[in-house]
Amino acid sequence: DSALETYSDVNFPVAVPRPQPYLSAREAFFYLLFFILLGIVSFSLGSLLFALIEYGFPDKATESDYRIFRLESQARSGISGLLVATPIFLWLGYILRGARQRNPQLQRSRIRKWLTYLSLVIAGCTLVGDGISLLAGDLTTRFVLKSFVVAIIAGAIFTYFSSDAEKGDKNNVDPA
């Protein structure tokens with residue numbers, strides 16, 4: 001049975017083998033780098049936006065010079081992360097997407113699928129946690145804006161990778 005499962009069930013006089021998913025070290029490197037950069041870009045963007053929210057809506061209880069120094073440092077590191085990681089992330093995404101369009105067999109990459117679904121789990125859990133904290137938290141302007149930032153970033157990641165996973169599953173030959 002397992003030997004016969006490796007062939008497609010098609011009306012053709014000759015047995016046609018099913019395409020098999022694969023794993024290559026080079027591809028694993030590129031996808032791991034891509035997903036790590038995704039984390040850096042999303043964290044840097046969130047950090048920068050959080051600093052801007054803190055600056056625009058300061059907490060009256062923590063007025064001090066240290067707060068301003070901390071916010072400047074947080075904004076500076078967020079901008080630095082975005083300036084360094086975003087171009088590499090976009091370039092690598094362009095390269096990987098182009099390779100998948102030129103060679104549809106790359107849609108069956110196991111490492112891409114695993115990392116895509118891992119990203120969906122992390123983004124989904126972040127959205128659920130954000131919703132819970134928003135409903136359970138104090139509804140100050142700062143808190144609501146920060147929750148909105150988290151929801152936008154995690155929602156964008158979830159939306160993109162869920163559509164990417166659906167496209168990849170159309171070409172899936174291995175239901176596992």
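Helices here are DSSP runs of H or I with at least four residues, strands are E runs of at least two, and both are numbered from the N terminus. With that in hand, the chain reads α-α-α-α along the sequence. The tally comes to 4 helices and 0 strands. Keep in mind that this is a predicted model.

Let's start with the chain as a whole. It has 176 residues, and 32% of them count as buried. The chain exposes about 11,600 Å², with carbon and sulfur atoms supplying 68% of that area. As for how the sequence folds back on itself, take the contacts between residues at least 6 apart in sequence: 76% of these join residues at least 24 apart.

Now for a pair of helices. Helix α1 covers residues 25-56 and helix α3 covers residues 110-136; the two pack at an angle of about 15°, and their axes lie 9 Å apart. Angles under 35 degrees count as roughly parallel, so α1 and α3 are roughly parallel to each other. The crossing of α1 past α3 is right-handed. On the α1 side, the contact is made by E27, A28, Y31, L32 and F35, while α3 brings I111, R112, L115, T116 and S119. Sort the residues of this contact by character and you get 6 nonpolar, 2 polar and 2 charged.

Finally, have a look at a residue in another helix. I88 sits in α2, the helix that spans residues 65-102. Is I88 buried or exposed? Neither label fits: buried means under 20% relative accessible area and exposed means over 50%, so I88, at 38% relative accessibility, counts as partly exposed. You can also pair I88 with V41: the two are 47 residues apart in sequence, and their C-alpha atoms are 10.0 Å apart in space.

Methods
Residues are numbered from 1 along each chain as its sequence is written. This is a predicted model: local features need pLDDT of at least 70, side-chain atom pairs count only at pLDDT 80 or more; totals for chains, interfaces and linings use all residues. Side-chain values use heavy atoms; hydrogens and water are left out. Axes are lines fitted to C-alpha atoms, for helices over the stretch in contact, and angles run from 0 to 180 degrees between N-to-C directions. Angles under 35 degrees count as roughly parallel, over 145 as roughly antiparallel, 65 to 115 as roughly perpendicular and the rest as oblique. A crossing is left-handed if the near helix is turned anticlockwise from the far one by less than a right angle, and right-handed if clockwise. Contact means heavy atoms within 4.5 Å. Ala, Val, Leu, Ile, Met, Phe, Trp, Tyr, Cys and Pro count as nonpolar, Asp, Glu, Lys and Arg as charged, and the others, Gly among them, as polar. Buried means under 20% relative accessible area, exposed over 50%, partly exposed in between (1.4 Å probe, protein chains only). Accessible areas come from the Shrake-Rupley method with a 1.4 Å probe; for residues, only the protein chains shown count as cover.
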